[in-house]
Amino acid sequence: MEGTTEPHLVLVPWIGGISHIIPMTDIGCLLAAHDAPVTIITTPVNAPIVQSRVDLATAPPGAGITVTVIPFPTAEAGLPEGCERLDLLRSPADVPRFFAANKQFGEAAARYCRGAGPAAMPPRRPISCVVAGMCHTWTLPLARELGVPCYIFHGFGAFALLCIEHLYKHRTHEAAASPDERFNIPALPPFECRVTRRQLPPHFLPSTSMGGGPLQEVRDFDVAVDGVVVNTFEELEHGSAARLAAATGKKVLAVGPQSRGEGRGGNGASDDGFGEADGSRCRRGGEEKESSGAEGESRGCSGKGRVVVREFGEADPFFGLKKDLLIFVA
């Protein structure tokens, strides 16, 4: 990344549901507020959701953020027009078709990022980092080809991700005698987290409508990426981000809370039902936060318009800059 003076981040929210799209869009808005050019790649049906969040959060509307729309090949995959999120599918039988369409979408988006084809990314700063939703596995080979880091965003909290990591490594659930027998996931001692196999996410069920292929791809992607971006903060999940970093051996960036209803310029205007009381509760934690250690960092919630700045040392892969500051706002 020699010669790069400013970061250019490409964010690709997972289009499985709005709950993935909105927080990643809001993270992009916060990055753009600090003069980091951001490109958010999405599909035609989901673009209005992204653009409305961008216009709400930036002044003037859309400043610093490019929302790029890549067609989603529903017809080619045998899906009805407009089925560009999992919650829009007709039945579970459409899920494999959706993942097939998403693979083609990824191929087209990768061509765009490489600058190839008629719908190529316009000439501008080189990409310095890719932040991808959990099922956009195609972003990793793209990032490796471009020589930039790739971070994953699941949408889950740090504790949930810690439990999933524990189950993958220790297979605790396999010792349960029945699907209804409770067992402990000792991910955050001394606390107990007792669940049944029926309560586990699809990753650990014997069979799902997605099948083993896509789920294994997601796990392989999760293991291979450079780090994890989590919508959380230390006061919400004490110690979970640091333990997740230790368990995965990756940098974990806790950048929450996002999507709590901040309007343009951080003035508290909201279009999603969150009011001032919510922001005030979040601010109290961030104002008391003392930063410590690069791994499992929490950017906390710092209040409206306040900047949390943390120096990570010689090279921070999230921005791809040398001797610079990693900047986040909550």
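**Exercise 1.** Determine whether Thr 43 is buried or exposed, then place it and list its contacts.

*Solution.* Step 1: Thr 43 has a relative accessible area of 0%. Buried means under 20%, exposed over 50%, partly exposed in between (1.4 Å probe, protein chains only). Thr 43 is therefore buried. The model is predicted: local features need pLDDT of at least 70, side-chain atom pairs count only at pLDDT 80 or more, and totals for chains, interfaces and linings use all residues. Residues are numbered from 1 along each chain as its sequence is written, and side-chain values use heavy atoms, with hydrogens and water left out.

Step 2: Thr 43 lies in the loop between strand 2 (38–42) and helix 2 (47–57). Helices (H or I, at least four residues) and strands (E, at least two) are DSSP runs, numbered from the N terminus.

Step 3: Leave out residues up to four places away in sequence; Thr 43 then touches Ile 15, Val 69, Ile 70, Phe 72, Glu 84 and Phe 105. Contact means heavy atoms within 4.5 Å.

**Exercise 2.** Find which residues of helix 5 (residues 139–146) are buried, and how they are arranged around the axis.

*Solution.* Step 1: Thr 139, Leu 140, Leu 142 and Ala 143 are buried. Step 2: They cover an arc of only 160° around the axis, so they sit on the same side of helix 5. The arc is taken from the directions from the helix axis to the C-beta atoms. Step 3: Look just past helix 5, where Gly 147 has a positive phi of about 75°.
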